[in-house]
Amino acid sequence: MKLFQKLLLAPAALGLMAPVAASASDLNVAGVRQYTTSEEQVTSITQFSDVKPTDWAYQALSNLIERYGCVAGYPNGTYKGGQAMTRWEAAALLNACLDRITEVTDELKRLMKEFEKELAVLKGRVDSLEAKVGELEATQFSTTTKLKGIATFVLGANSFSGSNALVQQNQANYGATTFNYDIRLNFDTSFTGKDLLRTTLRAANAAGANGSAYGTGLSLMEAFFEQPAGDNQIGVNRLFYNFPMGSELSLTAGAMVRVDDAGMLGMWPSVYPADTVLDFFTYAGSPGAYNLNGLGAGAGFVYSPKGIKGLTISQNYVSANGQAFANTGSGAGVTGNAGSGDPGNGGVFTSGAGSAAVTQIGYTGDKTPLIGGSYGLAFAYTYSQNLSLPVATPSASVMSEAATTDTYSSANTVALSGYWKPEKAALIPSISWGFGVGNYNLGLTGPNQTKGNVVSSWYTGLQWDDAFIKGNALGMGVGQAPFVSKNGQPGGGTPNDSNYMWEWWYKFQVTDNISLTPAIYYISNYDGANGATSATGAKTTSNLFGGLLKTTFKF
């Protein structure tokens with residue numbers, strides 16, 4: 001309780017003490033005079049010989065002496081705390097304390113007068129802030145929701161070359177200079193401060209009827225991946241809810257969720273790239289294991305045991321057509337699908353679902369033994385069915401002539417990915433790497449049913465943070481997008497489906513919200529095994545060299 005509050009209670013306290021205090025006629029006036037006129041200045045409670053730290057009012061008495069200096073004792077150096085207090089003595093003590101308060105008040109008045117102009121300016125600023133806060137509270141969209149947006153412009157061109165019969169067709173379709181955009185609006189809602197309800201609206205114009213090279217094939221850009229069907233059409237791109245269950249478990253469920261969304265994977269085993277260019281380099285080396293085409297109804301959990309720091313175990317399931325009526329019938333040539341080559345009518349946990357289930361065990365560390373720096377490593381196993389690869393050669397996408405769409409009956413894929421990042425930005429870059437291999441069952445009947453194609457992929461990404469200027473970044477990636485490394489069909493032989501992909505980019509961080517990223521890239525054997533052999537049996541090539549300027553706005 002503050003001193004002023006104590007003083008307000010003084011009359012009541014004195015009234016309560018009156019029955020036990022001496023009356024005026026019994027007062028020893030000489031004693032009071034000694035108490036009030038003692039010349040000894042008390043500056044510390046230790047000057048009282050009869051006050052001990054164990055006394056119940058020791059701290060209160062100490063505060064009155066040291067902070068306000070309004071407590072006096074008797075000439076013999078005692079306080080006589082156990083003695084009954086007369087109303088006269090109370091009046092003397094109260095008067096001394098009021099004198100001290102008056103001194104403080106006068107000092108405050110002087111200071112307020114001296115800094116009158118500064119205080120007026122501060123008061124004006126406070127009033128202005130209060131008005132702005134009131135306006136924000138009255139006009140805000142929501143007290144629980146934040147809007148985060150990303151708008152992307154891409155100006156780029158591609159040049160195809162080689163002896164492949166498809167080169168001329170590719171140049172005619174995708175060789176022009178194009179200007180495309182993508183915009184995403186994320187509405188992040190939290191009800192407890194630890195949960196997340198995400199709603200994303202998205203639109204773009206790179207994959208319509210006359211789409212650019214950045215919306216298809218191996219030249220697909222991450223900025224245009226998974227956009228709504230049709231140009232300039234706004235669609236719901238995400239709708240899921242993530243929440244913790246205790247301190248070790250996190251759960252996620254949604255009608256529009258992807259296998260890499262919050263709470264679906266324990267970690268993302270890559271620190272490359274700081275700014276995305278080609279989509280292939282955003283899958284930790286295995287688009288088959290981390291198949292992001294599975295956007296739809298799904299759920300997942302992440303378990304992070306307290307006893308092993310950095311370890312995560314996660315499991316998720318997503319059905320891209322989970323909203324549709326399930327059909328478990330068998331079509332011609334494609335097991336579990338309805339109709340020849342048709343991926344079925346969907347559903348959740350049905351043979352007609354276009355789905356993926358990812359199991360991941362990951363580990364991250366703050367300090368790498370011997371060399372320092374942070375690191376991460378993850379193993380993933382994915383079972384998927386009726387779901388096309390997000391980026392791959394045409395042969396790896398179609399898988400077999402038995403399928404009339406870019407889907408396969410089922411696949412088992414494993415991936416191992418990791419990264420290392422130096423403690424400080426320097427000449428040594430961060431290194432991200434990964435590879436994946438999968439066996440694809442084409443759903444054929446008879447003796448060939450279990451014999452599928454083997455699809456492989458790998459990548460390595462190098463990134464220099466704070467390159468040349470703090471906040472900028474330089475990067476380079478190399479790898480092979482998913483290609484058919486083994487043809488499981490009778491007489492299939494070794495397909496000429498392999499490819500190589502390179503990208504080089506530099507990110508200029510113009511402001512906190514705007515960045516410019518020029519990039520160049522090269523893709524060998526762009527069409528894979530399609531048209532790779534001429535009519536005379538000779539191997540042909542189809543290569544792509546391109547460049548672009550990407551502008552990103554974050555708000």
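A salt bridge is taken here as a side-chain nitrogen of Lys or Arg within 4 Å of a carboxyl oxygen of Asp or Glu. The side chains of aspartate 260 and arginine 258 form such a contact, with an N to O distance of 2.7 Å. The model in which this pair occurs is predicted. Arginine 258 has a relative accessible area of 10% and is therefore buried. Aspartate 260, in contrast, is partly exposed, at 25%.

The structure holds 11 salt bridges. One of them links lysine 550 to aspartate 275, at 3.0 Å from N to O. Lysine 550 belongs to strand S16, whereas aspartate 275 sits in the loop between S5 and S6, so this pair ties together parts that are 275 residues apart in sequence. Both partners, lysine 550 and aspartate 275, are buried. Elsewhere, Asp182, Arg184 and Arg202 are joined into one network by salt bridges that share partners.

A further salt bridge lies within a helix. Glutamate 114 and arginine 110 meet through their side chains at 3.2 Å, N to O. The two residues are 4 apart in helix H5 (residues 87–114), which means that about one helical turn separates them. Glutamate 114 is partly exposed, with 48% relative accessibility. Arginine 110 is partly exposed as well, with a relative accessible area of 42%.

The secondary structure of the protein comprises 8 helices and 16 strands. The protein has 555 residues, and 43% of them count as buried. Contacts between residues at least 6 apart in sequence were also examined: 66% of them join residues at least 24 apart. The accessible surface amounts to about 28,300 Å². Carbon and sulfur atoms account for 60% of that surface.

Helix H4 (residues 58–68) has a buried side. Its buried residues are Leu61, Ser62 and Ile65. These residues span an arc of only 100 degrees around the axis, so they fall on the same side of H4. Gln59 and Arg67 are exposed on the other side of H4. Glycine 69 follows the helix, and its phi is positive, near 60 degrees.

Strand pairing was examined next. Strand S5 (residues 249–257) pairs with strand S6 (residues 296–303) in the antiparallel sense, over 7 bridges. Within this pairing, threonine 252 stands opposite glycine 300 in S6. S6 is also joined to strand S7 (residues 311–319), again by 7 bridges, and these two strands run antiparallel. Here valine 302 has serine 314 in S7 as its bridge partner. S6 thus pairs with S5 and with S7.

Strands S11, S12 and S13 were treated in the same way. S11 (residues 430–441) and S12 (residues 453–465) are antiparallel and share 11 bridges. Tryptophan 433 stands opposite threonine 460 in S12. S12 in turn is joined to S13 (residues 473–486) by 11 bridges, also in antiparallel fashion. In that pairing, tryptophan 458 faces glutamine 480 of S13 as its opposite residue. In a regular strand, side chains alternate between the two faces of the sheet.

A nonpolar patch lies on the surface. Its members are Phe153, Leu155, Phe179, Phe508, Val510, Leu516 and Leu549. Together they contribute about 600 Å² of accessible area. Among them, valine 510 is placed in the loop between strand S14 (500–509) and S15.

Another loop contains alanine 529, between strand S15 (514–524) and strand S16 (543–554). The relative accessible area of alanine 529 is 27%; this residue is partly exposed because the buried class ends at 20%. Apart from its neighbours within four places in sequence, alanine 529 is in contact with Ser395, Asn496 and Asp497. The C-alpha atoms of alanine 529 and valine 484 are separated by 8.7 Å, although the two residues are 45 apart along the chain.

Key: Residues numbered from 1 in each chain as written. Predicted model: local features only at pLDDT ≥ 70, side-chain atom pairs only at ≥ 80, totals over all residues. Heavy atoms only, no water. Buried < 20%, exposed > 50% of the residue type's maximum accessible area, 1.4 Å probe, protein only. Contact = heavy atoms within 4.5 Å. Patch = residues over 30% accessible without salt bridge, like charges linked within 9 Å, V, L, I, M, F, W, Y side chains within 5 Å. Areas by Shrake-Rupley, 256 points an atom, 1.4 Å probe, with all protein chains shown as cover. Pairing = 2+ DSSP bridges. Arc of directions from axis to C-beta.
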